[in-house]
Protein chains: 2
Amino acid sequence: MIGRLNHVAIAVPDLEAASAQYRTMLGADVGAPQDEPDHGVTVVFVTLPNTKIEFLYPLGDASPIQGFLDKNPAGGIHHMCYEVENIIAARDHLVTEGARVLGSGEPKIGAHGKPVLFLHPKDFQGCLIELEEV
Amino acid sequence: MIGRLNHVAIAVPDLEAASAQYRTMLGADVGAPQDEPDHGVTVVFVTLPNTKIEFLYPLGDASPIQGFLDKNPAGGIHHMCYEVENIIAARDHLVTEGARVLGSGEPKIGAHGKPVLFLHPKDFQGCLIELEEV
């Protein structure tokens, strides 16, 4: 069912510092910051040959990643995103198998403009998993 | 400098449960457990179209991931591995730029039989980064 690893998202306490570090220390292809007001984050993409790293930085007063940064002030891996072909079929299969989908259970339009769902980290080895329909 | 994301490593409290879950719930290509006594872990590879997930489970009395699981009993993402072409050149560049390499600073032969180094998580947004020469 799951396909490619679309991205690994890292919550960072300093977007400029993280971008500079990946650019100069790791020699990676680092994009410009993009505000995503609907998602409460500013995002920077690091393009690797086979996948992406996404830096997430809080935007606005109710950012969904503020709590994570409060608990992990140095930053840390926030979630991983797996691609699926059909997010409704994926969700229905997961729910039948006993996995918990976060929120209402209905896909939302994610930061890439595609339908996404998040799965409960307690059901998946402590990892927050995003599914994105591609 | 960095190339592909070689793998994301997840420390898991139950290797069989994690394998069964990725196989049946997520429909992924999950391999058989491989003991790596030199590294104090039993490993299971999940092969995705563009990268790998590695489950890590403690093997023996002095496993390097036991402390992580003690702190994170449900499991969690332990490290990410980026590929580099020349690990000595990568290390020298990183040290010049002020990053800290864990241990002696000399590459060791990793679980894939290739030279690896680990970078200090405090220097990289709270993420433990492995570099592997490919």
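In this predicted model, one aromatic cluster is made up of A:Tyr22, A:Phe55 and B:Tyr82. Zooming out for a moment, a search of the whole structure turns up four aromatic pairs over all chains. One of them brings together A:Tyr22 and B:Tyr82, with the rings edge-to-face at 6.1 Å centre to centre and 90° between the planes. A:Tyr22 sits in helix H1 of chain A (residues 15–25), while B:Tyr82 belongs to strand S6 of chain B (residues 76–84), so this pair joins two chains. Both A:Tyr22 and B:Tyr82 are buried.

Over in chain B, B:Tyr22 pairs up with B:Phe55, again edge-to-face, this time with 5.1 Å between centres and 80° between planes. This contact ties together distant parts of the chain: B:Tyr22 comes from helix H1 of chain B (residues 15–25) and B:Phe55 from strand S5 of chain B (residues 52–58), and the two are 33 residues apart. As for exposure, B:Tyr22 and B:Phe55 are both buried.

Back to H1(A), the helix that carries A:Tyr22. Besides A:Tyr22 itself, the buried residues here include A:Leu15, A:Ala18, A:Ser19, A:Gln21 and A:Met25. The ends of the helix are worth a look too. At the N-terminal end, A:Asp14 acts as a cap on H1(A), placing a side-chain oxygen 3.2 Å from the backbone nitrogen of A:Glu16. At the other end, just after H1(A), A:Gly27 adopts a positive phi of about 60°.

Note on methods: Residues are numbered from 1 along each chain as its sequence is written. Chains are lettered from A and ligands numbered from 1 in the order in which they are written. This is a predicted model: local features need pLDDT of at least 70, side-chain atom pairs count only at pLDDT 80 or more; totals for chains, interfaces and linings use all residues. Side-chain values use heavy atoms; hydrogens and water are left out. Rings of Phe, Tyr and Trp (its six-membered ring) pair if their centres lie within 6.5 Å; planes under 30 degrees apart count as stacked, over 60 as edge-to-face and the rest as tilted. Helices (H or I, at least four residues) and strands (E, at least two) are DSSP runs, numbered from the N terminus. Buried means under 20% relative accessible area, exposed over 50%, partly exposed in between (1.4 Å probe, protein chains only). A polar contact is a pair of N or O atoms within 3.5 Å; within protein, one must be able to donate a hydrogen and the other to accept it, and residues adjacent in sequence count only if both atoms are side-chain atoms.
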